[in-house]
Amino acid sequence: MSVTDPPEPPASAQAASAQVNGAERATEAGRALLRLGSRLHRLYAETIESLSTPLSVPQYRILDRVGLGVSSLSQLAELARRQPPTISKSVDSLVRQGLLTRAEAATDRRATALSLTPRGAALLREAHEELDRLGGRLVEAAGADPETLAAFAAGLYGRTEAELDLLVEARRRPARASRLAGPAGARSPGPGGP
């Protein structure tokens, strides 16, 4: 060691530095994934908005799910993690555009069964073709083995679903607690009654 060389840090300091660097790299990788997710969502939205009949992301997802056999509003709301009135607005728009039909459900006259119209089925095929083209370009740009990339994406998707479930449940808990508490200022009677 020459007089100008700095002294080597102790091994414990090197380990701590490696942990910090590893944590910083993980944080940056997480941020990169979030930025990528945002861009991918934008590409997805722009693709379906540029169809022969432009669709919003929620409208496309409804058409896609109805095309897969989901025919009730409550099932669509559950899959979207939304309240039925929110989904109903998108369904109403799709019915007005002639892409979906509503009919009385065969098993329950109070329920509505949704189905694709021929025009809705054609638009859904167009959307699938455009999204498949976009997906193919993205896989090519990634330069990774498609099987490995698909496995990585499926695993990460599963993890994001679990995170989303936790966030939605945490948001619902306070609302549920306030409904159970009743009107503001109301007190439940004690053991001896009012």
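Reader: Which residues of helix 2 (residues 57-67) are buried?

Author: Burial is judged from relative accessible area, with buried meaning under 20%. In this predicted model, the buried residues of helix 2 are Val-57, Gln-59, Tyr-60, Ile-62, Leu-63, Asp-64 and Val-66.

Reader: Which helix supplies the largest share of the largest nonpolar core, and which residues have the most contacts inside that core?

Author: The largest nonpolar core has 23 residues, and those with the most contacts inside it are Leu-55, Tyr-60, Ile-62, Leu-63 and Leu-76. At least two residues of this core come from each of helix 1 (11-49), helix 2, helix 3 (73-80), helix 4 (84-96) and helix 5 (118-142), while the largest share, 5 residues, is that of helix 2.

Reader: What does Ile-62 touch, not counting residues up to four places away in sequence?

Author: With those residues set aside, Ile-62 touches Leu-76, Ile-87, Ser-90, Val-91, Leu-94 and Leu-100.

Reader: Asp-64 is also buried; which side chain of opposite charge is nearest to Asp-64, and how many Å away is it?

Author: A salt bridge requires a side-chain nitrogen of Lys or Arg within 4 Å of a carboxyl oxygen of Asp or Glu. For Asp-64, the nearest side chain of opposite charge is Arg-65, which lies 6.3 Å away, and Asp-64 has no salt bridge.

Reader: With which side chain does the side chain of Asp-64 make a polar contact?

Author: The partner is the side chain of His-128, at 2.8 Å; leaving aside neighbours within four places in sequence, Asp-64 is in contact with Leu-124 as well as His-128.

Reader: Which residue just after helix 2 takes a positive phi?

Author: That residue is Gly-69, with a phi of about 110°.

Definitions and conventions
Residues are numbered from 1 along each chain as its sequence is written. This is a predicted model: local features need pLDDT of at least 70, side-chain atom pairs count only at pLDDT 80 or more; totals for chains, interfaces and linings use all residues. Side-chain values use heavy atoms; hydrogens and water are left out. Buried means under 20% relative accessible area, exposed over 50%, partly exposed in between (1.4 Å probe, protein chains only). Helices (H or I, at least four residues) and strands (E, at least two) are DSSP runs, numbered from the N terminus. Lys and Arg count as positive and Asp and Glu as negative; His and the chain ends are not counted. A polar contact is a pair of N or O atoms within 3.5 Å; within protein, one must be able to donate a hydrogen and the other to accept it, and residues adjacent in sequence count only if both atoms are side-chain atoms. Contact means heavy atoms within 4.5 Å. A nonpolar core is a set of buried Ala, Val, Leu, Ile, Met, Phe, Trp, Tyr and Cys residues joined through side-chain atoms within 4.5 Å.
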